[in-house]
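Good morning, everyone, and thank you for making room for this short talk. Please take a moment with the sequence and the structure before I begin, and keep both in view while I speak.

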Amino acid sequence: MNYKVSKTLKDNKKSLIIIVVLWVILSIVLVAPIGYAIGLANQGSSFDFDIFLENVFTEIVSFTSITRVFDAAYIGYFGKTLLYFTIIYAVFAFIGLFKSRPKHEYTDIEHGSSDWCENGEQYSILSKHKGIILSKHNFLPTDKRGNVNVLVVGRLWLW
């Protein structure tokens, strides 16, 4: 199970950076104006949806709410809006990363290669230096006891 988490994080480094940068941009461009508009709409005794709709679109377009949202009257609304946005954004980001996780331990490993073995395990059967060429660093020794039949698929490169 741990290989799934580590492989997901390793494969999605660029995606994680993009996720964080997109969160920062959306927090500045959308969450700040929405938090400011919610603060303006709550100035009366109850929430006025008409005032919210009037102000949210003008604040998104004008980018002036970025500085005004840190005023003492609006910082609470911005904090709550940012918290809700971050929770929803994290859920969607987690779902995206969950869907990109490897299905099993051998995902993206070429079938028939020696990439599945670690620390030279293949050399208990194969030779590193001489014999029938299987790959760049793997040779099937000819002095091995037992079956040494080889099916070679591909072309022979001669330089």
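Let me begin with a question for you to try on the screen: where does Asp71 lie? The residue sits in the loop between H4 and H5, and I should say at once that what we are looking at is a predicted model. With a relative accessible area of 43%, Asp71 is partly exposed, because that value falls between the 20% under which we call a residue buried and the 50% over which we call it exposed. If you now look for Tyr36, you will find that the two C-alpha atoms are separated by 9.5 Å, although Asp71 and Tyr36 are 35 residues apart along the chain.

Before we follow Tyr36 further, let me step back to the chain as a whole. The chain contains five helices and two strands, and if you read from the N terminus, the order of these elements is α-α-α-α-α-β-β. There are 159 residues in the chain, of which 23% count as buried, and the area that the chain exposes is about 12,300 Å², with carbon and sulfur atoms supplying 65% of it. As for contacts between residues at least 6 apart in sequence, 50% of them join residues that are at least 24 apart.

Now let us return to Tyr36, which, when we leave aside its neighbours within four places in sequence, is in contact with Glu59, Ser65, Arg68, Val69 and Tyr74. Two of these names, Val69 and Tyr74, come up again together with Tyr36 in the largest nonpolar core, which has nine residues, the others being Val31, Ala32, Phe78, Leu82, Phe85 and Tyr89. Helix H2, which covers residues 13-41, and helix H5 are the elements that give two or more residues to this core, and H5 gives the most, with four residues. As a general point, nonpolar side chains in soluble globular proteins tend to be buried together.

Ser65, another of the partners of Tyr36, lies in helix H4. Is Ser65 buried or exposed? Its relative accessible area is 0%, and therefore Ser65 counts as buried. Apart from residues within four places in sequence, Ser65 has contacts with Ala32, Pro33, Tyr36 and Glu59.

Glu59 leads us to the salt bridge, and a search of the whole structure finds one. Here Arg68 pairs with Glu59, and the closest N and O atoms are 3.1 Å apart. The two partners can be described separately: Glu59 is buried, because its relative accessible area is 6%, whereas Arg68, at 33%, is partly exposed.

Glu59 also belongs to the buried residues of H3, together with Phe52, Asn55 and Val56, and the cover over these buried residues includes H2 and H4. We can check the length of H3 with a small calculation: at 1.5 Å a residue, its 14 residues should span 20 Å, and because the C-alpha atoms at its ends are 20 Å apart, the two values agree.

Just after H3 comes Phe63, which is placed in the loop between helix H3 (49-62) and helix H4 (65-68). What is the sign of phi at Phe63? The angle is positive, about 60 degrees, although Phe63 is not a glycine. That deserves a second look, because most residues other than glycine have a negative phi. Phe63 has a relative accessibility of 47%, so it counts as partly exposed.

Finally, let us compare two residues of helix H5. Thr81 lies in this helix and is buried, because its relative accessible area is 14%; not counting residues up to four places away in sequence, Thr81 touches Val31, Ile34, Gly35 and Ile38. Tyr84 also has its place in helix H5, which runs over residues 75-99, but Tyr84 is exposed, because its relative accessible area is 53%. Tyr84 is also part of a nonpolar patch on the surface, which it forms with Leu83, Ile87, Ile88, Val91, Phe92 and Ile95, and together these residues have about 730 Å² of accessible area.

To close, I would ask you to go back to H5 on the screen, and to find there both the buried Thr81 and the exposed Tyr84.

Technical notes:
Residues are numbered from 1 along each chain as its sequence is written. This is a predicted model: local features need pLDDT of at least 70, side-chain atom pairs count only at pLDDT 80 or more; totals for chains, interfaces and linings use all residues. Side-chain values use heavy atoms; hydrogens and water are left out. Patches are made of residues with over 30% relative accessible area and no salt bridge: like charges are joined within 9 Å, nonpolar side chains (Val, Leu, Ile, Met, Phe, Trp, Tyr) within 5 Å. Accessible areas come from the Shrake-Rupley method with a 1.4 Å probe; for residues, only the protein chains shown count as cover. A salt bridge is a side-chain nitrogen of Lys or Arg within 4 Å of a carboxyl oxygen of Asp or Glu. Buried means under 20% relative accessible area, exposed over 50%, partly exposed in between (1.4 Å probe, protein chains only). A nonpolar core is a set of buried Ala, Val, Leu, Ile, Met, Phe, Trp, Tyr and Cys residues joined through side-chain atoms within 4.5 Å. Contact means heavy atoms within 4.5 Å. The expected span of a helix is 1.5 Å times one less than its number of residues.
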